[in-house]
Amino acid sequence: SILRSYGLKLFGGPVGGIIADRLGSICKLMIGGSVVCIALIGVVMAFPAGTAGVVGILTVITLILAAVNFMMKGTMFASVSEVNVPKHLTGSAVGIVTLLGWLPDTFMSTMFGGWLDKYGNDGYNYIFYYLIAMCALCIVTSLLIIRVKKKTAAA
């Protein structure tokens, strides 16, 4: 928890920014990060329940997931610049994006807790499916931003 909270959060944003700069696009980082997250969540789901001796492997996978998450989280607002939002509207654009982007945080904990209460351990599968769906939504949204960016550049 200490490594995740203080180490990965501290370095996630800057490392994500460096990677995004090398890729030439925040959206490409988001797509790649989401693909990695989907793959790793799939790996976690593939482990049979009660498998002994995999705690270390699952811990490493969880830390990688957290690192990728913090890289994406630390750079997400830079995507506003990719669609050439005028500087005088950047604050409003980021405010709207923040409202929409953080809206799930208002109900996710309650929803996840409800699933665990109602479905027991099967609730974790619903949580993982939800996370995969959110990663897929991130991919679609990033692709749309790239498309808008290309149209804007062409015009």
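Colleague: How should one read an accessibility value, and how does Tyr126 count at 38% relative accessibility?

Modeller: The value is placed in one of three classes: buried is under 20% relative accessible area, exposed is over 50%, and partly exposed lies in between, with a 1.4 Å probe and protein chains only. At 38%, Tyr126 therefore counts as partly exposed. Tyr119, at 35%, also counts as partly exposed. Buried residues make up 26% of the 155 residues in the chain.

Colleague: What kind of model is this, and which pLDDT limits apply?

Modeller: The model is predicted: local features need pLDDT of at least 70 and side-chain atom pairs count only at pLDDT 80 or more, whereas totals for chains, interfaces and linings use all residues. Residues are numbered from 1 along each chain as its sequence is written, and side-chain values use heavy atoms, with hydrogens and water left out.

Colleague: How many helices and strands does the chain have?

Modeller: Elements are DSSP runs numbered from the N terminus: helices are H or I over at least four residues, strands are E over at least two. The chain comes to 7 helices and 0 strands, in the order α-α-α-α-α-α-α from the N terminus on. Its C-alpha trace spans about 55 × 30 × 25 Å along the principal axes.

Colleague: How does one check the length of a helix, and what should helix 6 span?

Modeller: The expected span is 1.5 Å times one less than the number of residues. The 12 residues of helix 6 should span 16 Å, and the end C-alpha atoms are 16 Å apart, which agrees. For helix 2 (residues 26–46), with 21 residues, the expected span is 30 Å, and the distance between its end C-alpha atoms is 30 Å, again in agreement. Helix 6 is followed by Gly120, whose phi is positive, near 65°.

Colleague: How are aromatic pairs recognised, and how many does the structure hold?

Modeller: Rings of Phe, Tyr and Trp (its six-membered ring) pair if their centres lie within 6.5 Å; planes under 30 degrees apart count as stacked, over 60 as edge-to-face and the rest as tilted. The structure holds 5 such pairs. Phe112 and Trp115 have ring centres 5.7 Å apart and planes at 35°, so their pair is tilted.

Colleague: Where do Phe112 and Trp115 stand in the helix?

Modeller: An α-helix has 3.6 residues a turn, so residues three or four places apart point the same way. Phe112 and Trp115 are 3 residues apart in helix 6 (residues 108–119), and so are separated by about one helical turn. Phe112 is buried at 15%, whereas Trp115 is partly exposed at 21%. Tyr119 and Tyr126 form a tilted pair, 4.7 Å centre to centre with 50° between the planes. One aromatic cluster joins Phe112, Trp115, Tyr119, Tyr126 and Tyr130.

Colleague: Which residue caps the N-terminal end of helix 2?

Modeller: The idea rests on a polar contact: a pair of N or O atoms within 3.5 Å where, within protein, one must be able to donate a hydrogen and the other to accept it, and residues adjacent in sequence count only if both atoms are side-chain atoms. Ser25 is the cap, with a side-chain oxygen 3.1 Å from the backbone nitrogen of Cys27. Ser25 is found in the loop between helix 1 and helix 2 and, at 5% relative accessibility, counts as buried. The buried residues within helix 2 include Cys27, Gly33, Cys37 and Val44.

Colleague: How many salt bridges are there?

Modeller: A salt bridge is a side-chain nitrogen of Lys or Arg within 4 Å of a carboxyl oxygen of Asp or Glu. The count comes to 1. Lys149 forms a salt bridge with Glu82, the closest N and O atoms being 3.9 Å apart. Lys149 lies in helix 7 (residues 122–154) and Glu82 in helix 4 (residues 79–82), so the pair ties together parts that are 67 residues apart in sequence. Lys149 is partly exposed at 30%, while Glu82 is buried at 8%.

Colleague: Which residues make the nonpolar surface patch?

Modeller: Patches are made of residues with over 30% relative accessible area and no salt bridge; like charges are joined within 9 Å, nonpolar side chains (Val, Leu, Ile, Met, Phe, Trp, Tyr) within 5 Å. Areas come from the Shrake-Rupley method with a 1.4 Å probe, and for residues only the protein chains shown count as cover. Leu10, Phe11, Val15, Ile19 and Leu23 make a patch of about 440 Å². Among them, Val15 lies in helix 1 (residues 2–23) and, at 35%, counts as partly exposed.
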